[in-house]
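The following report describes selected contacts within and between the chains of the structure shown here. Sequence and coordinates come first, and the analysis follows.

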Amino acid sequence: MVLADYKYKDIIHRCFRCGYCKFPTDWMDVNNCPAYARFRMESYSCGGRLWLIRAWLDGKIDWTDHLAQIVFSCVACKNCAEKCPLNFSDNIVDMITAAKSEMVERGSIPSAVKNFLENIQRQGNPYGDARIKRGEWVEGTGIKQYEGQEFLYYVGCVGSYDTRAKETAKTLGEVLLKAGVSFGVLGNEENCDGNEVNKLGEESLFQMLAEENIQKFKDLGVRKIVTLSPHSYNAIKNDYPKFDGSFEVFHYTQLFQDLIKGGRLNVSGGLNARVTYHDPCFLGRWNKEYDAPREVLNAIPGIELAEMERNREATLCCGGGGGNFYTDFLGGSETNPARIRIREAYATGASAVAVACPNCMTMLEDAVKAEGLEEKLKIRDISEIVGEACLVKRD
Amino acid sequence: MAEILVVAEHRKQGLADISLEMLTKGRQLADRASGELLAVLIGKDVSRYAPQLAQWADKVLAVKNDKLEQSLAEPYQKTLSPIIKERKPKLVLIGHSSFGMDLAPALAVELGAPLATDCTNIAMKNGVVTVTRSIYNGKVNAVYSLAPSETVIVTGRPGEFPVEEGQQRGSVEEIDYPLEEEIDYKRLEGYIEPEVSEVDITQAEVLVSVGRGIKDKGNIEIAEELARALGGVVACSRPVVDYGWLPSGYQVGLSGKTVKPKLYLAIGISGAFQHMVGIRGSKMIIAINKDVKAPIFTVADYGIVDDIFKVVPILTQKINELKG
Amino acid sequence: MDSIYKSLAEIVGEGYVSNQPEELFIYSYDLGTTEPHRPDYAVAPRTTEEVQEIVKLANKEKIPIAPLGGGLSLAGLAVPLRGGIALDLKRMDSIIEVNERARYVVVECGVSQGQLSSYLEKHHPNLRHSEPGAPPQATIAGNIAIHGQGDLAQPYGFNSDMVNGLEVVLPTGEVCKFGSCSISPNWFTLHPLPDLGLFLGWSGTTGIITKLSLKLYPSKKIKGVEQFVVEDEELVPEIVYKITHTEMADDIVAFSQAIPPMTSGLHHINILMTADSEKELEFKTGLFWDDILREYIRNGDGGFLNLSSAMKAGLTRRPQVSKASDWKKGGGFEYVGAIMPVETYPECYRRGVEISLRHDIPYTVLGRIIGRSHAMMFSWTYAFNRADPESIRQAREALHESDDLALELGGTIWKPGIYGQKLVMERMDPNTLKLMKKVKELLDPNGIMNPGNWEVS
Amino acid sequence: MDIVVAIKQVLDTSEAVDVVEIDASGKDIKKGALISRINDWDEYALEEAVQLKQKLGGTVTAVTVGPGEWDDTLRRALAMGADRAIRIDEDAAAMDSCVVARVLTALISRLSYDLIMFGAQSEDLGSGQLGPMVAEMLGIPHATLVVSLQVQEGEARVSRELEGGVLELYTLKLPALLTIQTGINRPRYVSFASIKKARDKELKVMSLGELGLSREALTPMVKLEKLELTPAGKRAELISGSAEEAAANLATILKNSGVILSG
């Protein structure tokens with residue numbers, strides 16, 4: 001593809017590189033773009049990336065591994081789109097994703113991304129673990145296979161395979177059982193939701209995954225879906241309708257909010273802790289859900305919610321988006337955004353970081369260890385905090 | 001009476017270990033079948049090696065060819081096929097080396113002989129040769145039988161047949177290279193020795209070695225940190241070099257370097273045999289890999305079955321704590 | 001491997017040096033119309049010591065260094081005209097000290113305007129600095145290195161007049177401190193030591209500013225704004241004169257622009273005020289409505305716009321990126337900012353409109369008052385389409401014509417690009433020029449600091 | 001420049017997948033959970049061929065001997081840039097290398113070729129025999145374990161990888177056959193769209209008969225007797241517990257073994 005065929009050829013040069021995209025809402029820190037925070041070279045800022053993409057499509061620079069690294073180091077956290085003052089801001093992430101797509105089509109992508117996508121093509125998960133192991137986490141729980149219950153509990157790849165996130169998936173299931181929610185899971189029948197595949201620019205693979213999933217959901221008569229991961233939530237809510245798959249989809253924190261309001265989820269067990277909450281990009285900036293998780297936490301007696309300097313629209317991404325929880329282009333340094341975030345969380349004096357996303361969970365867990373703070377700062381998924389408040393202290 | 005022919009292979013630095021391994025195995029088979037063991041060697045001043053071969057072989061056939069600095073497939077094939085056709089050995093043993101891989105299949109076709117390659121075990125019962133091969137990434141052993149015929153050819157996997165000193169005092173017959181015509185369709189242009197990397201992994205006492213499981217160049221950092229904590233250096237298995245994550249100088253294994261450190265810590269290495277061959281000399285081997293069935297655990301002294309990205313950073317930190 | 005690259009990597013660490021095409025491409029451009037020039041290395045140091053090592057290396061190897069803050073000068077001042085090292089200083093971003101009582105802040109050179117504003121707002125709500133009308137990533141040091149001005153220019157002058165102390169790495173690698181900080185831990189004044197003003201306004205050709213102390217000013221609780229509009233540009237200077245006489249305004253900006261068409265040709269004079277109480281604000285506002293500008297309203301020469309609270313909020317909000325950057329749907333604009341006598345406003349406006357028309361660019365002119373009408377920074381802004389070379393050429397010509405104009409009208413050019421620098425030096429008195437040359441040669445014997453700029457032939 | 005690349009489809013038994021089981025016959029593994037994919041080495045061979053074609057022009061033909069399911073892999077080859085694909089519809093599992101070599105030789109001798117490429121070995125069986133056998137049958141020169149390749153004036157300059165990372169440099173007259181070692185290039189990613197696009201490229205299926213061969217005439221000389229899972233043999237002492245516990249214990253072991261010197 002040449003520039004003339006590029007979907008955003010008429011706007012990509014309109015980036016002035018004024019740099020607003022690097023900042024949080026209040027400009028307190030130039031580091032709110034995860035890739036720029038990590039590398040601190042203009043090439044890794046959103047504006048730099050756009051200029052490089054244009055130069056590449058325009059034949060001014062050649063494709064290199066390094067260029068691919070720069071393009072794929074965008075973790076689609078959407079901070080740029082949020083902060084850009086110009087009127088094409090909504091398209092910024094799309095402009096970068098379109099460039100990823102072009103590299104995907106040419107087949108020249110970083111090997112980590114190649115492995116990620118091939119693993120999904122083969123095994124339906126980025127890790128390349130066997131499909132038939134997807135449902136293993138269910139073992140030993142009372143969680144049932146989906147067969148027409150009210151909700152389909154869609155777990156996603158990270159919750160199904162990552163050792164730590166599997167515990168979260170379990171706990172969430174147990175809380176839902178405890179609350180008497182009628183739900184089931186797909187187990188080995190579940191397939192990748194494709195959110196990351198989409199953000200990595202592998203459009204046709206995403207379409208295939210979406211269409212297969214939609215068909216499966218329809219065949220099983222699924223109407224309502226509750227997801228563990230905001231990434232799944234985003235794909236099913238915002239992208240599946242394009243493939244004629246409209247379902248009533250909730251992130252579990254939204255469901256919790258209703259259950260607590262409706263008195264079906266009793267968190268009066270309480271829990272004494274000062275907790276800070278890390279907004280996941282695919283719940284916050286992508287879907288504007290900032291309140292449900294906070295309301296759930298505030299509903300638990302004894303929990304004191306301490307906000308980090310950068311929160312809500314201004315949140316610093318953990319770096320786990322756009323497949324980077326696997327490809328990890330931002331790792332290997334103390335400027336790894338996840339580690340910056342942990343230091344910010346620690347500064348609030350909280351004893352735990354509440355997360356609402358398995359990707360954030362794994363990224364921040366690694367970061368808290370890298371910072372040597374695992375004794376002082378726990379990474380807890382909201383489902384686990386709620387679980388402790390309602391499961392542990394049984395009547 | 002059964003004759004076993006071992007094709008000896010020599011490199012600049014001398015006889016290839018694999019040839020001694022094949023001779024050892026050949027000797028055992030010959031004794032059991034009360035047969036004769038013949039070793040064939042072709043090249044420049046081969047007489048130099050003949051006595052060594054004669055420790056195992058009943059007879060050494062040393063074919064002198066001054067053009068041949070070290071073993072090459074074509075001249076060997078041209079020399080061997082008439083010899084084999086004439087002597088009809090029951091079994092021809094060749095090492096499954098870069099040389100053997102080039103030679104054996106073509107030779108087998110020329111002779112119309114059954115061929116089994118890369119064998120981890122070889123047996124000969126009343127004239128029938130059966131072999132064991134390790135397949136499906138080392139997860140399965142397969143036993144094959146070779147159809148009875150004048151001659152069968154088997155290549156053996158390096159490192160599977162431990163060398164035992166030979167007690168033989170075989171005779172040596174030197175002959176001149178029979179064919180003089182140039183092989184014009186395939187010219188040898190020379191050799192390139194491996195690039196010397198900044199760190200010499202063969203000299204390191206502690207090696208932290210990464211494999212495919214490290215997933216990306218950027219992640220090698222965690223291994224470097226661990227290596228630093230242990231006062232060692234980083235090494236790697238083949239895929240890491242294939243992906244361009246580390247220069248080839250860091251590669252351990254058959255096509256890389258053979259290492260003998262005090263501690264070999266394998267991170268995300270499944271343990272293909274090509275790799276394992278290179279680490280046998282290690283005093284202690286520790287493997288961290290999420291696949292409990294990874295072959296690396298069959299050579300490791302200790303193992304952790306878990307996600308390397310979880311374990312390694314903690315391990316580094318614990319070690320630094322212990323160092324105080 | 002490239003030995004210079006290696007040494008740079010040893011100084012700042014592998015991650016913060018690059019000689020790869022991608023970084024070299026990005027650092028070869030600034031945001032204006034200047035032709036790109038490729039550096040050989042991009043380097044992002046973290047400490048003064050690292051900067052020293054880099055400068056020493058550059059001297060040894062005789063390679064140029066082009067220092068870079070926010071990279072927003074637009075005039076190409078951070079473009080590595082002779083290649084060498086593009087030195088991105090944005091990692092040096094610590095706010096070292098705020099002295100509440102003596103009202104100053106000590107910052108590293110990479111601290112951005114946005115970062116400082118937001119820091120003061122959070123931690124020292126009674127203090128503010130003079131914030132330029134630039135995007136938040138513009139740096140404090142970059143701004144004073146080019147004699148920038150901000151939204152307190154009218155009461156207090158140029159930002160470079162607000163400097164209380166400097167730490168500079170000389171082109172030969174030594175570190176020098178200037179002001180009270182050179183003899184005590186306090187950074188509260190630049191005077192009365194012998195004046196060595198060798199760095200302000202030199203656009204990074206005489207050294208690299210690594211730390212500086214900047215004066216802070218009272219930040220009052222409420223912001224107010226009034227917008228007075230006149231049709232006749234001839235009235236603007238005297239109106240400004242009268243407003244400044246009150247000493248009640250913070251920032252005074254007169255502007256006129258082609259977009260939106262309905263207000264094209266009108267002159268808007270923004271009067272920004274701050275106060276600690278509604279009462280104080282009412283008093284100030286009243287002063288302008290009822291006394292100072294009353295006659296103009298009576299004679300029908302002009303009047304105050306009735307600003308909705310939303311509009312007021314918009315006008316008092318921190319600077320946003322100029323929408324002019326996208327008027328050509330092309331993400332580019334550059335302006336000539338000249339320091340002019342206020343009375344030249346009418347001529348600056350009329351001739352600016354002509355130049356814009358000639359080059360088919362919607363005109364945008366603006367005068368920000370510096371001091372009590374002592375001067376104004378008058379900007380002729382030209383939007384262009386980055387994707388259209390012809391449009392860039394047009395803008396470049398318009399800019400050169402504006403440089404010529406500024407000098408023709410008896411002004412001086414602020415942060416001139418190469419073309420403007422030539423014009424200025426052509427007119428400069430020969431002895432001053434000689435001294436500039438001597439100073440430059442003395443400080444930078446190998447000519448490595450941002451070469452191409454302020455070069456006396 | 002006409003290039004023929006012989007490829008095969010294998011079951012992914014790599015480390016992530018620890019579900020290899022022997023089936024009832026005792027002579028094969030259970031396909032059940034396992035995913036099929038192109039043999040790793042063959043992917044490098046294909047990439048090399050496609051890059052060569054993009055440089056010098058000509059055609060790339062991917063050939064294989066295998067059952068219908070293997071068309072997936074051929075489609076993938078077409079998506080990578082092969083111009084056409086031919087599958088000989090036979091179950092290669094019932095053959096030995098020599099027989100497969102004879103079938104491929106019969107096929108390739110009917111095609112036009114300057115260069116023939118094989119993967120140096122297969123992931124599943126790894127005997128590495130096919131290439132040199134086919135070369136011998138066609139009577140053309142061959143080189144195995146090729147890690148670099150340049151083609152000019154009817155010659156191929158290659159380097160072979162020997163033990164210890166030593167490279168052996170050869171010039172071969174074309175036509176020649178090369179077996180390709182991993183790492184010679186970086187195989188491109190094959191996007192889902194490109195696989196779809198490749199659907200209209202020619203994928204020809206042929207029978208032994210069409211090659212003038214018959215099963216009867218193709219008796220294998222090497223016979224599979226039995227399969228068994230690799231016995232655990234010497235196993236590492238596995239350190240159990242959470243990542244933290246395991247790491248801590250290992251650190252202690254290292255200290256006790258004197259590898260860590262406190263200081």
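In this predicted model, 8 residues of domain 2 of chain C are in contact with 7 residues of domain 4 of chain C. The side that domain 2 of chain C presents to domain 4 of chain C consists of 3 nonpolar and 5 polar residues, with no charged ones. Between the C-alpha centres of domain 2 and domain 4 of chain C the separation is 27 Å. The division of chain C places domain 1 at 3-88, domain 2 at 95-218, domain 3 at 222-316 and domain 4 at 323-416.

Chain C also contains a packed pair of helices. Helix 12 of chain C (residues 389-408) packs against helix 13 of chain C (residues 418-427) at an angle of about 25°, and their axes are 9 Å apart. Since angles under 35 degrees count as roughly parallel, helix 12 and helix 13 of chain C are therefore roughly parallel to each other. Their crossing is right-handed. Helix 12 of chain C contributes H400(C), D403(C), D404(C) and L407(C) to the contact, while helix 13 of chain C contributes Y419(C), G420(C), L423(C) and R427(C). By residue class, this contact holds 3 nonpolar, 2 polar and 3 charged residues.

Two contacts between chains are considered next. In the first of these topics, 37 residues of chain C are in contact with 32 residues of chain A. Three elements of chain C each supply at least two residues of the side that touches chain A: helix 2 (21-26), helix 4 (113-123) and strand 16 (331-340).

The other topic is the contact of chain B with chain D, in which 79 residues of chain B meet 72 residues of chain D. On the chain B side, the largest share comes from helix 8 of chain B (residues 308-323), with 8 residues. Strand pairing also links chain B and chain D: strand 9 of chain B (residues 140-146) and strand 12 of chain D (residues 222-229) run in the antiparallel sense over 7 bridges. Within this pairing, V143(B) has K226(D) in strand 12 of chain D as its bridge partner.

The table sets out the residue classes of the contacting sides of chain C and chain B.

| Contacting side | Nonpolar | Polar | Charged |
|---|---|---|---|
| Chain C, touching chain A | 13 residues | 15 residues | 9 residues |
| Chain B, touching chain D | 40 residues | 20 residues | 19 residues |

Methods. Residues are numbered from 1 along each chain as its sequence is written. Chains are lettered from A and ligands numbered from 1 in the order in which they are written. This is a predicted model: local features need pLDDT of at least 70, side-chain atom pairs count only at pLDDT 80 or more; totals for chains, interfaces and linings use all residues. Helices (H or I, at least four residues) and strands (E, at least two) are DSSP runs, numbered from the N terminus. Ala, Val, Leu, Ile, Met, Phe, Trp, Tyr, Cys and Pro count as nonpolar, Asp, Glu, Lys and Arg as charged, and the others, Gly among them, as polar. Two strands pair if DSSP finds at least two bridges between them. Axes are lines fitted to C-alpha atoms, for helices over the stretch in contact, and angles run from 0 to 180 degrees between N-to-C directions. Angles under 35 degrees count as roughly parallel, over 145 as roughly antiparallel, 65 to 115 as roughly perpendicular and the rest as oblique. A crossing is left-handed if the near helix is turned anticlockwise from the far one by less than a right angle, and right-handed if clockwise. Domain bounds come from an automatic or database domain assignment.
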